[in-house]
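This report goes through a single chain, starting with its charged pairs and ending with its overall make-up.

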Amino acid sequence: MTRENELLHQIKKGNISCWEELVSMYYEDILRYCIYHSPDLQTAQDAVQETFLKVIRYFPQYQNRGKFRGFLYKVASNTCTDLWRQKRNDELPEEMEFLETGYARSEAEVNFQYMVRNLPKELKEAVYLKFAQELTLREIAIVMDLPMRTVQSRLRKALKVMKREMEGEV
């Protein structure tokens, strides 16, 4: 049994002190995800807090089938979408600043972000979840509410587009 499963089991039994460890396991990953989907650091931090509050609030209905990480990203995705609707913004700003410690970007990361930013929306999310967040195809399918084959197809298509761009064909 993984540590995550142990914590989930303990929480189901009523041991709420396990929430702190579970949240700390995923906090930085979810923050990084929310930064990508938010116009600024403060909004991203708000989205992270709201994500974990929703997960805690609705945890009694959660059925653990070994997919908690995917579930957590799905909640974060929905929360970020809700925040964007509230702020009535449609797209991410062209230049986003990552001020949090550990987000210093190398030239390769900047190029990757630029290429991903230029992808169509349906491809962009799949690439970001796979390569920046390191989710499995199954987890990406959960987050995007798509069949796994569709996720694979979108990733292949995105990589072809990015490869052509790198080679100067676009």
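Glu21 has a relative accessibility of 31% and so counts as partly exposed, since buried residues lie under 20% and exposed ones over 50%. The model is a predicted one.

**Salt bridges at helices α1 and α2**

Glu21 is joined to Arg3 by a salt bridge, with 2.7 Å between the closest N and O atoms. This pair connects distant parts of the chain, as Arg3 belongs to helix α1 and Glu21 to helix α2 (residues 18–36), 18 residues apart. Arg3 also has a salt bridge to Glu6, in which the closest N and O atoms are 3.0 Å apart. Here the partners are 3 residues apart within helix α1 (residues 3–12), which means that about one helical turn separates Glu6 from Arg3. Arg3, Glu6 and Glu21 are thus linked in a network of salt bridges. Arg3 is partly exposed, at a relative accessible area of 38%. Glu6 is partly exposed too, with a value of 33%.

**Salt bridge between helices α3 and α4**

Another salt bridge brings together the side chains of Lys54 and Asp82, at 3.4 Å from N to O. Lys54 sits in helix α3 and Asp82 in helix α4 (residues 68–87), so the bridge ties together parts of the chain that are 28 residues apart in sequence. Is Lys54 buried or exposed? With 18% relative accessibility, Lys54 counts as buried, because the cut-off for that class is under 20%. Asp82, its partner, is partly exposed, with a relative accessible area of 32%.

The three pairs described above are listed here.

| Salt bridge | N to O distance |
|---|---|
| Arg3 and Glu21 | 2.7 Å |
| Glu6 and Arg3 | 3.0 Å |
| Lys54 and Asp82 | 3.4 Å |

Across the whole structure, a search finds 5 salt bridges. In general terms, side chains of opposite charge can pair when their charged atoms come close.

**A buried residue in helix α3**

Thr51 is part of helix α3, which covers residues 41–58. What is the relative accessible area of Thr51? The value is 0%, so Thr51 is buried. Which residues is Thr51 in contact with, leaving aside its neighbours within four places in sequence? They are Ile30, Leu72, Val75, Ala76 and Thr79.

**A positive patch on the surface**

Arg149, Arg156, Lys160 and Arg164 form a positive surface patch. One of these residues, Arg164, is located in helix α8, which runs over residues 148–166. Arg164 has a relative accessible area of 37% and is therefore partly exposed. That value meets the requirement for patch members, because they must have over 30% relative accessible area.

**The chain as a whole**

The protein chain has 8 helices and 0 strands. In sequence order, its pattern is α-α-α-α-α-α-α-α. How many of its residues are buried? Of 170 residues, 37% count as buried. The accessible surface of the chain is about 10600 Å², and carbon and sulfur atoms account for 49% of this area. Among contacts between residues at least 6 apart in sequence, 61% join residues that are at least 24 apart.

Key
Residues numbered from 1 in each chain as written. Predicted model: local features only at pLDDT ≥ 70, side-chain atom pairs only at ≥ 80, totals over all residues. Heavy atoms only, no water. Patch = residues over 30% accessible without salt bridge, like charges linked within 9 Å, V, L, I, M, F, W, Y side chains within 5 Å. Areas by Shrake-Rupley, 256 points an atom, 1.4 Å probe, with all protein chains shown as cover. Salt bridge = Lys/Arg side-chain N within 4 Å of Asp/Glu carboxyl O. Lys, Arg positive; Asp, Glu negative; His and termini not counted. Charge placed at Lys NZ, Arg CZ, Asp CG, Glu CD. Helix = DSSP H or I, 4+ residues; strand = E, 2+ residues; numbered from the N terminus. Buried < 20%, exposed > 50% of the residue type's maximum accessible area, 1.4 Å probe, protein only. Contact = heavy atoms within 4.5 Å.
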